[in-house]
Amino acid sequence: MIMNPNIPISTIMTRNPVSVQEDANLYDVIALVRKHHIRHIPVLKGKQITGIISSNDINRLTFGGLFANQDGIDDSIINMLSVPQVMTSHPKVVQAGDFIRDVAEILAEGEFHSLPVVENGKCIGIVTTTDLIKYLLNEYKSV
């Protein structure tokens, strides 16, 4: 099977991802993760991406309290810290026109599971390892 190596990542990314502004509080992030069942949230200053915060980042602070039916959230820690203190600053980003294969290599080599997708400096999407796996599974179905 030979897959087309020239398919842009914009074809499989999640468009207009749930995001937060830098001045959001961590409770807002926790609520968004729970509500939307997501694991990665781009952090913006205006429309520019400045970081990414993951459910794992929050779980390290809350002793697993992010998940439903767990009351382990330590309010004092959450109140003490800001989104910029917890997020990964200056995350690796990819361009909307970057090819799926190139993005897959970045994800395979990196220590992260999502990449913000930018166009003209603006965050327009996010691509995760799950998006990539779903794409590959779909390609194998067509063989």
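These are my notes on one helix, two pockets and one residue of a predicted model.

**Helix α1**

I began with helix α1, which covers residues 26–36. I looked up its buried residues and found L26, V29, I30, L32 and V33. I then viewed the helix down its axis: the buried residues fall within an arc of 165°, so they line one face of α1.

Next I checked the two ends. At the N-terminal end I found N25 as the cap of α1. A side-chain oxygen of N25 lies 2.8 Å from the backbone nitrogen of Y27. After α1 comes H37, and I noted that its phi is positive, near 55°.

**Largest pocket**

I turned to the pockets. For the largest pocket I noted a volume of about 380 Å³. I listed 18 lining residues, and the closest to the pocket centre are H40, S54, E111, F112 and H113. I asked which elements give two or more residues to this lining. They are β4 (48–54), α2 (55–62) and β7 (114–119). The largest share comes from α2, with four residues. Sorted by class, the lining of the largest pocket has six nonpolar, seven polar and five charged residues.

**Second largest pocket**

The second largest pocket has a volume of about 240 Å³. I wrote down its lining in full: T14, P17, V18, H37, I38, R39, H40, I126, T128, T130, D131 and K134. H37, the residue with positive phi that follows α1, is thus listed again here. H40 lines this second pocket and is also among the residues closest to the centre of the largest pocket.

I looked up the elements behind this lining as well. Those that give two or more residues are β8 (122–128) and α6 (129–141). From α6 come three residues, the largest share. By class I have four nonpolar, five polar and three charged residues for the second largest pocket.

**N79**

Last, I looked at N79, which sits in helix α3 (residues 75–80). Is N79 buried or exposed? Its relative accessible area is 57%, and the cut-off for exposed is over 50%, so N79 counts as exposed.

I also took the distance from N79 to Y27, the residue whose backbone nitrogen faces the N25 cap in my entry on α1. N79 and Y27 are 52 residues apart in sequence, and their C-alpha atoms are 8.5 Å apart in space.

Conventions. Residues numbered from 1 in each chain as written. Predicted model: local features only at pLDDT ≥ 70, side-chain atom pairs only at ≥ 80, totals over all residues. Heavy atoms only, no water. Buried < 20%, exposed > 50% of the residue type's maximum accessible area, 1.4 Å probe, protein only. Arc of directions from axis to C-beta. Polar contact = N/O pair within 3.5 Å; in protein donor to acceptor, adjacent residues only side chain to side chain. 1 Å grid on protein atoms, 1.4 Å probe; cavity = no way out; pocket = protein on both sides within 12 Å on 5 of 7 lines; lining within 4 Å. Points joined across faces, edges and corners; volume = space filled by probe spheres on them. Nonpolar A, V, L, I, M, F, W, Y, C, P; charged D, E, K, R; others polar.
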